[in-house]
Amino acid sequence: MTINLKANERLDDLQRNGYKLIQNSTVFCFGMDAVLLTAFSTIKDGENMIDLGCGNGVIPILLKGKTKGAHFTGLEIQDINVDMARRSVEYNGIGDCVDIVQGNIREACSIFKKGSFDVVTSNPPYMTQNHGLTNPESHKAIARHELLCTLEDVVAAAAGLLKSGGRFYMVHRPRRLAEIISLMKEYRIEPKRIRMVHPFADKEANMVLIEGCRGGKSMVKENPLIVY
């Protein structure tokens with residue numbers, strides 16, 4: 001299938017089932033955090049999942065290629081990302097089981113039926129609104145800073161969308177781990193697995209992967225992951 005790329009767009013090979021993804025470096029491109037999140041997440045046969053803030057659709061598309069889930073949904077607010085994600089889904093011929101929906105994470109529980117997903121994933125903005133912010137109107141600023149949704153908005157949406165016993169997977173920064181755990185417990189998502197990600201063995205962790213269960217029991221900490 002041929003595809004007409006727009007200005008500044010490129011077509012990247014995802015190294016999975018021959019899938020390719022449209023990216024635009026002037027908007028935002030996915031990084032290792034998204035890839036690690038898909039590796040950390042478990043989607044069982046026949047399960048339905050949603051990715052909150054899916055950007056250009058990399059997480060639902062990768063999880064479609066890696067798992068036997070029934071249906072994969074991406075929720076994204078920025079129209080330019082929604083357009084790229086939808087065209088990537090069409091290009092890969094997976095529109096029968098991958099949907100990209102435009103909408104605000106804060107309104108997720110009115111867009112979708114509450115308790116309708118087995119799995120929720122998210123690679124949300126890491127930085128608070130005023131942390132190093134230069135251009136609040138840019139696409140990259142919206143992706144990196146909590147301008148249109150906060151960490152609490154993400155956790156609250158996940159709690160509302162998950163079935164009882166459903167799983168929430170998120171990647172974030174270790175410096176906000178205490179806040180993440182506190183919010184998850186507040187919204188009755190019990191932290192189950194935590195994995196610190198270190199760039200090198202002698203460097204501090206720069207990412208944390210966390211799994212929570214809606215109505216689950218106590219947490220189990222995993223061994224750290226060393227990237228290089």
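This is a short tour of a predicted model, with a selection to make at each stop.

**Stop 1: helix α3**

Select residues 79-92, which form helix α3. The helix has 14 residues and runs 20 Å from its first C-alpha to its last, close to the 20 Å expected at 1.5 Å a residue. Which residues of α3 are buried? They are Asn81, Val82, Met84, Ala85, Arg87, Ser88, Val89 and Asn92. Now show what surrounds them: the buried residues of α3 pack against β1, β2 (20-24), α2 (58-66), β4 (71-76) and β5 (98-102). Just past the end of the helix, click on Gly93, where phi is positive, at about 70 degrees.

**Stop 2: the charged pairs around Arg87**

Side chains of opposite charge can pair when their charged atoms come close. Keep α3 on screen and show the side chains of Arg87 and Glu9, which form a salt bridge at 2.5 Å, N to O. This pair links distant parts of the chain, since Arg87 is in α3 and Glu9 is in strand β1 (residues 9-13), 78 residues apart. Both Arg87 and Glu9 are buried.

Add Asp83, whose side chain also meets that of Arg87 in a salt bridge, here at 3.0 Å, N to O. Asp83 and Arg87 are separated by about one helical turn because they are four residues apart in helix α3. Is Asp83 buried or partly exposed? Its relative accessibility is 26%, so Asp83 counts as partly exposed. Arg87, with a relative accessible area of 14%, is buried.

**Stop 3: a pair elsewhere**

Move to Glu222 and Arg193, whose side chains meet in a salt bridge at 2.6 Å, N to O. Glu222 is in the loop between β10 (220-221) and β11 (225-226), while Arg193 is in strand β8 (residues 189-198), so the pair ties together parts that are 29 residues apart in sequence. Glu222 is partly exposed, at 26% relative accessibility.

Go back to Arg87 and add Lys6 to the selection: Lys6, Glu9, Asp83 and Arg87 are joined into one network by salt bridges that share partners. In the whole structure, a search finds eleven salt bridges.

**Stop 4: the nonpolar cores**

In soluble globular proteins, nonpolar side chains tend to be buried together. Select Leu14, Val58, Ile61, Val98, Ile100 and Leu209, the residues with the most contacts inside the largest nonpolar core, which has 30 residues. Elements giving two or more residues to this core are α1, α2, α3, β5, β7 and β9. Which element gives the most? It is α2, with five residues.

Zoom in on Val98. Leaving aside residues up to four places away in sequence, Val98 touches Pro60, Lys64, His71, Phe72 and Val89. Another core, of 28 residues, lies apart from the largest one; Leu161, Phe168, Ile180 and Ile210 are among its members.

**Stop 5: helix α1**

Select residues 32-40, helix α1, where Asp33, Ala34, Leu36, Leu37, Thr38 and Phe40 are buried. Their cover includes α2, β6 (117-122), β7 (162-172), β8, β9 (207-214) and β11.

**Stop 6: two loop residues**

Most residues other than glycine have a negative phi. Click on Asn17, in the loop between β1 and β2. Its phi is positive, near 55 degrees, and Asn17 is exposed, with a relative accessible area of 53%.

Finish at Arg188, in the loop between α7 (177-186) and β8. Arg188 has a positive phi near 60 degrees and counts as exposed, at 65% relative accessibility.

Terms used
Residues are numbered from 1 along each chain as its sequence is written. This is a predicted model: local features need pLDDT of at least 70, side-chain atom pairs count only at pLDDT 80 or more; totals for chains, interfaces and linings use all residues. Side-chain values use heavy atoms; hydrogens and water are left out. A salt bridge is a side-chain nitrogen of Lys or Arg within 4 Å of a carboxyl oxygen of Asp or Glu. Buried means under 20% relative accessible area, exposed over 50%, partly exposed in between (1.4 Å probe, protein chains only). The expected span of a helix is 1.5 Å times one less than its number of residues. Contact means heavy atoms within 4.5 Å. A nonpolar core is a set of buried Ala, Val, Leu, Ile, Met, Phe, Trp, Tyr and Cys residues joined through side-chain atoms within 4.5 Å.
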